[in-house]
Amino acid sequence: MARSSRTPYVILGVLGMAHPRRLSGYDIKQAIEGIVSHFWSESYGQIYPELRRMAAERLVAAHVTPTGGRRKVTYTITARGRKHLAAWLKKTPEPGPKRDELTLKIFFGSQTDAGTLIGHLKKQRDHVQALMDQNRHWLIEADNARDPCSPYPLMTLRGGLAMGEAFVTWADETIVELAQLRKGKMP
């Protein structure tokens with residue numbers, strides 16, 4: 001079964017949270033990077049064609065404003081778009097593709113040296129630790145904001161922290177095992 005694009009739902013969700021503000025494609029991309037990048041990403045190449053298609057289907061309303069020789073297009077979610085988003089939210093989530101290059105490299109680790117894998121793990125662990133620090137900061141900001149949308153981002157941030165902590169624990173344990181292998185000892 002082919003996996004359908006989630007881009008329209010991400011756009012509708014962002015526009016729904018921003019309502020009644022109008023957002024450009026650029027604004028939508030910035031919102032995605034600012035509020036859901038810890039678990040989801042979209043490119044401009046996905047967003048702009050989808051916005052045009054969604055406007056044609058009347059899921060979003062396009063608002064054109066001339067700005068110094070150029071025209072700026074901003075978008076709002078329509079009632080039809082809200083219904084479309086609500087219907088999708090009720091569907092059981094499809095599992096995402098499993099593509100983790102670090103895990104793949106460790107799986108094939110017998111074909112390289114343990115030191116290389118330790119380096120990869122330390123780098124990824126540090127990256128995850130930095131994301132966890134950012135999530136903690138966002139958690140404090142969201143908790144202080146207390147807007148009607150805040151319980152839901154708080155849940156995802158706490159989920160991101162839990163997954164990050166699990167990864168750091170696994171990475172540390174695996175680094176110890178790899179260090180033992182490096183010394184010729186079986187873990």
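In this predicted model, the side chains of Arg 125 and Asp 172 meet in a salt bridge, with N and O 2.7 Å apart. The contact links distant parts of the chain: Arg 125 belongs to helix α6 (residues 114-145) and Asp 172 to helix α7 (residues 151-182), with their positions 47 residues apart in sequence. Asp 172 has 34% relative accessibility, so it counts as partly exposed.

Across the whole structure, a search finds nine salt bridges. Side chains of opposite charge can pair when their charged atoms come close. Some of these contacts share partners: Glu 50, Arg 53 and Glu 57 are joined in this way into one network. Within that network, the closest N and O atoms of Arg 53 and Glu 57 are 2.4 Å apart. Both of these residues are partly exposed, Arg 53 at 32% relative accessibility and Glu 57 at 33%.

Here are three of the salt bridges side by side, in case you would like to find them in your viewer.

| Salt bridge | N to O distance |
|---|---|
| Arg 125 and Asp 172 | 2.7 Å |
| Arg 53 and Glu 57 | 2.4 Å |
| Lys 29 and Glu 33 | 3.0 Å |

Let us turn to the last pair in the table. Lys 29 and Glu 33 are four residues apart in helix α2, so about one helical turn separates them. Is Lys 29 buried or exposed? With a relative accessible area of 11%, Lys 29 is buried, which follows because the limit for that class is under 20%. Its partner Glu 33 is partly exposed, at 37% relative accessibility.

Lys 29 has a second contact worth a look. The charged end of this lysine sits over the ring of Tyr 44, 5.7 Å from the ring centre. That brings us to the aromatic residues.

The structure holds five aromatic pairs. One of them is formed by Tyr 26 and Tyr 44, whose ring centres are 6.3 Å apart and whose planes meet at 5°, so this pair is stacked. Because Tyr 26 lies in helix α2 and Tyr 44 in helix α3, the pair ties together parts that are 18 residues apart in sequence. Tyr 44 also forms a stacked pair with Tyr 48, at 5.9 Å centre to centre and with 20° between the planes. Here both partners lie in helix α3, four residues apart, or about one turn of the helix. Through these ring pairs, Tyr 26, Tyr 44 and Tyr 48 are linked into a cluster.

How exposed are these three tyrosines? Tyr 26, found in helix α2 (residues 25-35), is partly exposed with a relative accessible area of 47%. Tyr 44 is partly exposed too, at 31%, and Tyr 48 is partly exposed at 31% relative accessibility. Patches are made of residues with over 30% relative accessible area and no salt bridge. Tyr 26, Tyr 44 and Tyr 48 together make a nonpolar surface patch of about 290 Å².

Next come some features of the backbone. Strands β2 (residues 60-67) and β3 (residues 70-77) run antiparallel and are joined by eight bridges. As one example of the register, Ala 61 has Thr 76 in β3 as its bridge partner. The hairpin of β2 and β3 has two residues between the strands, and there Gly 68 takes a positive phi near 55°.

Which residue other than glycine has a positive phi near 60°? That residue is Arg 58, and its place is in the loop between α3 (44-56) and β2. Arg 58 counts as exposed, because its relative accessibility is 55% and the class begins at values over 50%.

One more backbone feature is easy to miss when scrolling through the chain. The peptide bond from His 19 to Pro 20 is cis, with omega near 10°. Pro 20 itself sits in the loop between α1 (7-18) and β1 (23-24).

To bring the threads together, helices α2 and α3 meet in the stacked rings of Tyr 26 and Tyr 44, while Lys 29 places its charged end over the ring of Tyr 44 and forms a salt bridge with Glu 33. Elsewhere, Arg 125 and Asp 172 link helix α6 to helix α7.

Terms used. Residues numbered from 1 in each chain as written. Predicted model: local features only at pLDDT ≥ 70, side-chain atom pairs only at ≥ 80, totals over all residues. Heavy atoms only, no water. Pairing = 2+ DSSP bridges. Buried < 20%, exposed > 50% of the residue type's maximum accessible area, 1.4 Å probe, protein only. Patch = residues over 30% accessible without salt bridge, like charges linked within 9 Å, V, L, I, M, F, W, Y side chains within 5 Å. Areas by Shrake-Rupley, 256 points an atom, 1.4 Å probe, with all protein chains shown as cover. Salt bridge = Lys/Arg side-chain N within 4 Å of Asp/Glu carboxyl O. Phe/Tyr/Trp six-rings, centres within 6.5 Å; stacked < 30°, edge-to-face > 60°. Lys NZ or Arg CZ within 6 Å of the ring centre and 35° of its normal.
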